[in-house]
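Visitor: I've just opened this one in my viewer and would like a walk through it. Mind if I fire off some questions?

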Amino acid sequence: MHADHERQTGQRMPEEATMDMTRRYSVMQESWDTVWERSRAGRHTIVVGAQTLPPAPPDLQVLRVRCDALGSRGGALEAARCAIADCLGEELHTPDPRQSAVTPGLRQRLWGDMPAPSLDALLVDACNRLAMQTAGRAVLAFDGIDAADEATVDTLAQMLQRPGWLRLPLLLTVHGVLQGRVVELVYLLHRDEGEAAVMVIADE
């Protein structure tokens, strides 16, 4: 109550604190500008520390997948595939889950059938078609990748292990502490994209 009364009577925030907040916002804004510039160039980026994904520039289409809101196995990947399919105006084709790992191999030997594409291959193919259709102005953002299920992180790691395979830029944000397989994503991006691919942006 006392603090509220002081603010109501016109007590101002110390000038030093105001300037410090301004400097922090400027640094954060510059950092996000850098992220969007990397996206325009088709580069993958991982941002550590940011709790919110800011609005994207009007020339970029960001397909945001909230990993912390999807608890089912592979949920984030399915959400990404659905979002991309919507943008492409296509129906989502999902491999038949009733087929075991042995069945495709047996059919291939007996009938010469081609093996069904893996989930990462399906996702990369759709992403690359979207990148071509939007002329490099689309971004696939996994917001809160540290909250994603293991299958999602494993699939993204498989995609990033092949530099140049995925042409649609990825934006991964980490809300919490770097740990587990997410550390591998940081390593892969740092290895292939350099230090600029890993950024620390704090909201406060």
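Visitor: Which residues touch the most other members of the largest nonpolar core?
Guide: Bear in mind that this is a predicted model. As a rule, nonpolar side chains in soluble globular proteins tend to be buried together. Here the largest nonpolar core has 38 residues, and the ones touching the most other members are Ile84, Leu140, Phe142 and Ile145.

Visitor: And which element gives the most to this core?
Guide: Plenty of elements chip in: β1 (45-48), β2 (61-66), α3, α5, β3, α6, β4 and α7 each supply at least two residues. With six residues, the top contributor is α5.

Visitor: How many residues are in the other core?
Guide: That core lies apart from the largest one, and its members include Trp32, Trp36, Val139 and Ile201. Its residue count is 12.

Visitor: Back to isoleucine 145: which residues of α6 does isoleucine 145 touch?
Guide: Leaving out residues up to four places away in sequence, isoleucine 145 touches Cys67, Leu172, Thr173, Val174, Val182 and Leu185, among others. Its list also has three residues that appear among the buried residues of α6. Those are Thr152, Val153 and Leu156.

Visitor: Is helix α6 largely enclosed or left open by the rest of the structure?
Guide: Helix α6 covers residues 150-160, and nine of its 11 residues are buried. The buried set includes Ala151, Asp154, Ala157, Met159 and Leu160. They pack against α3 (75-88), α5 (119-133), β3 (138-143), β4 (170-174) and α7 (182-193). With that many buried residues, α6 counts as largely enclosed.

Visitor: What does a side-chain oxygen of aspartate 149 reach at the start of α6?
Guide: The partner is a backbone atom, and the side-chain oxygen comes to within 3.2 Å of it. It's the backbone nitrogen of alanine 151.

Visitor: How many disulfides are there?
Guide: A disulfide is a covalent bond between the sulfur atoms of two cysteines. To count here, a pair of cysteine sulfur atoms has to be within 2.5 Å. By this rule, the number of disulfides is zero.

Visitor: Which is buried, cysteine 67 or cysteine 87?
Guide: Buried means under 20% relative accessible area. Cysteine 87 has 27%, so it's partly exposed. At 1%, the buried one is cysteine 67.

Visitor: Last one: how much of the contacts comes from residues 24 or more positions apart?
Guide: The protein has seven helices and five strands, in the order α-α-β-β-α-α-α-β-α-β-α-β. Taking contacts with a separation of 6 or more, the share from residues 24 or more positions apart is 77%.

How values were computed: Residues are numbered from 1 along each chain as its sequence is written. This is a predicted model: local features need pLDDT of at least 70, side-chain atom pairs count only at pLDDT 80 or more; totals for chains, interfaces and linings use all residues. Side-chain values use heavy atoms; hydrogens and water are left out. Helices (H or I, at least four residues) and strands (E, at least two) are DSSP runs, numbered from the N terminus. Contact means heavy atoms within 4.5 Å. Buried means under 20% relative accessible area, exposed over 50%, partly exposed in between (1.4 Å probe, protein chains only). A polar contact is a pair of N or O atoms within 3.5 Å; within protein, one must be able to donate a hydrogen and the other to accept it, and residues adjacent in sequence count only if both atoms are side-chain atoms. A nonpolar core is a set of buried Ala, Val, Leu, Ile, Met, Phe, Trp, Tyr and Cys residues joined through side-chain atoms within 4.5 Å.
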